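Biologist: I have this model open beside its sequence, and I would like a close look at a single part, the strands and what surrounds them. Could you walk me through that region and then place it in the whole chain?

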Amino acid sequence: MLSCPRCKEFDYHRSHAKTDYERLRKIIFKQRKYRCHSCGYVGWEKSRSLDKRSVLKTVFLYATVILIAMLVGILSRSFLM
Ligand SMILES: [Zn+2]
């Protein structure tokens with residue numbers, strides 16, 4: 001059980017990722033959002049050292065985004081000519 005960093009109550013629980021930023025942060029940095037039900041404090045789990053699998057996942061994610069951007073660029077250029 002975790003205690004709240006602000007009020008030290010043990011009412012500090014994991015919170016669901018609600019925004020795209022929070023979901024992305026959760027996927028890439030493996031961080032989870034926490035919320036205290038006593039004082040309303042919201043914090044993030046301290047960053048864990050990235051393991052090999054999550055590094056590969058992050059590299060794959062960026063490579064996919066770059067590849068899609070390149071394909072869209074090439075396709076849009078060939079359709080315009
Ligand atoms: Zn608190």
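Modeller: Happy to: we will start with the strands, go on to the residues around them, and finish with the rest of the chain.

Please keep in mind as you look that this is a predicted model. The predictor's confidence, pLDDT, averages 87 over the protein chain, and 94% of the residues score at least 70. Among the elements, E2 has the highest mean pLDDT, 93, while helix H1 (residues 20-29) has the lowest, 87.

Let us begin with the order of the elements. The protein chain has two helices and three strands, and read from the N terminus the order is β-α-β-β-α. Strand E2 is a good place to put your finger, as it pairs with E1 and is also joined to E3. On one side, E1 (residues 12-15) and E2 (residues 33-36) run antiparallel and share four bridges. One pair to find there is Ser-15 with its bridge partner in E2, Lys-33. On the other side, E2 and E3 (residues 42-44) are also antiparallel, joined by three bridges. Here you can look for Tyr-34, which stands opposite Gly-43 in E3.

Now follow the chain from E2 into E3. This hairpin has five residues between the strands, and among them Gly-40 takes a positive phi near 85 degrees. Most residues other than glycine have a negative phi. Two lysines elsewhere are therefore worth a look with that background in mind. Lys-8 has a positive phi of about 65 degrees although it is not a glycine. Lys-8 lies in the segment before E1 and counts as exposed because it has 11 C-beta neighbours inside 10 Å. Lys-30 is the other lysine, again not a glycine, with a positive phi of about 60 degrees. You will find Lys-30 in the loop between H1 and E2; its 16 C-beta neighbours inside 10 Å make it partly exposed.

Next, turn to E3 and two of its side chains. Val-42 lies in this strand and counts as exposed, since 10 C-beta neighbours fall inside 10 Å. Leaving out residues up to four places away in sequence, Val-42 touches Ser-15, Lys-33 and Arg-35. Notice that Ser-15 and Lys-33 are the bridge partners we met above, so Val-42 brings us back to that pair by its contacts. Trp-44 lies in E3 too. Trp-44 is partly exposed because 14 other C-beta atoms lie within 10 Å. Beyond its neighbours within four places in sequence, Trp-44 is in contact with Gln-31 and Lys-33.

The segment before E1 also meets the strands, through Leu-2, which is found there. Setting aside residues up to four places away, Leu-2 touches Tyr-12 and Tyr-34. The C-alpha atoms of Leu-2 and His-13 are separated by 7.3 Å, although these residues are 11 apart along the chain. Leu-2 counts as partly exposed because it has 13 C-beta neighbours inside 10 Å.

With the strands in view, step back to the whole chain. It is divided into domain 1 (1-48) and domain 2 (49-81), and 30 Å separate the centres of the two domains, taken over C-alpha atoms. Helix H2 (residues 52-80) has 29 residues and reaches 42 Å from its first C-alpha to its last, close to the 42 Å expected. H2 is hardly covered, with a count of zero buried residues. To see how H2 sits relative to E3, take two C-alpha pairs. Val-42 and Leu-67, 25 residues apart along the chain, are separated by 36 Å. Trp-44 and Leu-71, 27 residues apart, are likewise separated by 36 Å.

The overall dimensions fit into this picture as well. Along its principal axes the C-alpha trace spans about 65 × 30 × 15 Å. Returning to the two helices and three strands, the radius of gyration of the chain is 19 Å, well over the 12 Å that the globule rule gives for 81 residues, so the chain is more spread out than a compact globule. Of the 81 residues, 4% count as buried. Finally, among contacts with a separation of 6 or more, 43% are between residues 24 or more positions apart.

Notes: Residues are numbered from 1 along each chain as its sequence is written. This is a predicted model: local features need pLDDT of at least 70, side-chain atom pairs count only at pLDDT 80 or more; totals for chains, interfaces and linings use all residues. Domain bounds come from an automatic or database domain assignment. Two strands pair if DSSP finds at least two bridges between them. The radius of gyration is taken over C-alpha atoms; the globule rule is 2.2 Å times the number of residues to the power 0.38. A residue is buried if 20 or more other C-beta atoms lie within 10 Å of its own, exposed if 12 or fewer, and partly exposed in between; C-beta atoms are placed from the backbone. Two residues are in contact if their C-beta atoms, placed from the backbone, lie within 7 Å. The expected span of a helix is 1.5 Å times one less than its number of residues. pLDDT is the predictor's confidence in each residue, from 0 to 100.
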